[in-house]
Amino acid sequence: MVGAKGKAVVRWSVRGHEKTGIAAVTADSLSGTVTTIWVDRRNRVTAAPLDHGAVVARSAGAGVAAFAGVIIAVLGVRLAVGRIGFRRRLIEWDRAWVDVEPQWAHRA
């Protein structure tokens with residue numbers, strides 16, 4: 001398989017101190033092959049930083065998610081306010097009906 005990945009023990013040097021870790025390498029790499037790895041501030045093997053396209057895509061996704069969250073929150077508040085208003089109107093209609101119904105039913 002072309003481009004297949006595997007894991008291997010890698011070794012590198014930082015300020016004269018030799019470090020080891022496990023990193024992804026091409027499956028056909030032989031012992032002693034030079035490869036590029038990324039390390040964090042504590043000199044642990046980590047994934048490569050995101051490229052520009054991935055950063056843009058994740059940022060756009062986060063923006064869309066945030067916008068959708070705001071829309072859902074606004075619609076939720078609108079629905080809650082509408083239901084509260086509807087319940088209040090029903091209570092008012094019930095009170096008004098208590099006053100009007102005897103006149104319609106010709107009862108005193």
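**Exercise 1. Decide whether R15 is buried or exposed, and describe its backbone.**

Step 1. R15 has a relative accessible area of 79%, so this residue is exposed. The scale runs as follows: buried is under 20% relative accessible area, exposed is over 50%, and partly exposed lies in between (1.4 Å probe, protein chains only).

Step 2. Next, the position: R15 sits in the loop between β1 and β2. Strands here are DSSP runs of E with at least two residues, helices are runs of H or I with at least four, and both are numbered from the N terminus.

Step 3. Now the backbone: R15 is not a glycine, yet its phi is positive, about 50 degrees.

A word on the model before we go on: it is predicted, so local features need pLDDT of at least 70 and side-chain atom pairs count only at pLDDT 80 or more, while totals for chains, interfaces and linings use all residues. Residues are numbered from 1 along each chain as its sequence is written, and side-chain values use heavy atoms, with hydrogens and water left out.

**Exercise 2. Find the place of N43 and its phi.**

Step 1. Look in the loop between β3 (38-39) and β4 for N43.

Step 2. Its phi is near 60 degrees, a positive value in a residue other than glycine.

Step 3. N43 has 23% relative accessibility, so it counts as partly exposed.

**Exercise 3. Work out how β1 and β2 are joined.**

Step 1. The two strands run antiparallel, with ten bridges between them. For strands to pair, DSSP must find at least two bridges between them.

Step 2. Place two partners on the ladder: K5 has T26 in β2 as its bridge partner, and G6 stands opposite V25 in β2.

Step 3. Close the turn: β1 and β2 form a hairpin with two residues between them, and R15 is in that turn.

**Exercise 4. Name the residues of the largest nonpolar core and say which strand gives the most.**

Step 1. The core has five residues: V10, W12, V14, A23 and V25. Such a core is a set of buried Ala, Val, Leu, Ile, Met, Phe, Trp, Tyr and Cys residues joined through side-chain atoms within 4.5 Å.

Step 2. β1 and β2 are the elements that give two or more residues to this core, and β1 gives the most, with three.

Step 3. A background point helps when you view the strands: in a regular strand the side chains alternate between the two faces of the sheet.

**Exercise 5. Classify the aromatic pair.**

Step 1. The structure holds one such pair.

Step 2. The ring centres of W97 and W104 lie 5.3 Å apart and the planes meet at 85 degrees, so the pair is edge-to-face. The rule takes rings of Phe, Tyr and Trp (its six-membered ring) with centres within 6.5 Å; planes under 30 degrees apart are stacked, over 60 edge-to-face, and the rest tilted.

Step 3. For surface exposure, W97 is partly exposed at 43% relative accessibility, whereas W104 is exposed at 63%.

**Exercise 6. Describe the lining of the largest pocket.**

Step 1. The volume is about 350 Å³. On a 1 Å grid over the protein atoms alone, a pocket is an open set of points where a 1.4 Å probe fits, with protein on both sides within 12 Å along at least five of seven lines; lining residues have an atom within 4 Å of a point. Points are joined across faces, edges and corners, and the volume is the space filled by probe spheres set on them.

Step 2. Of the 13 lining residues, V9, V10, R11, G32 and T33 are closest to the centre.

Step 3. Strand β1 (residues 5-14) supplies the largest share of this lining, five residues.
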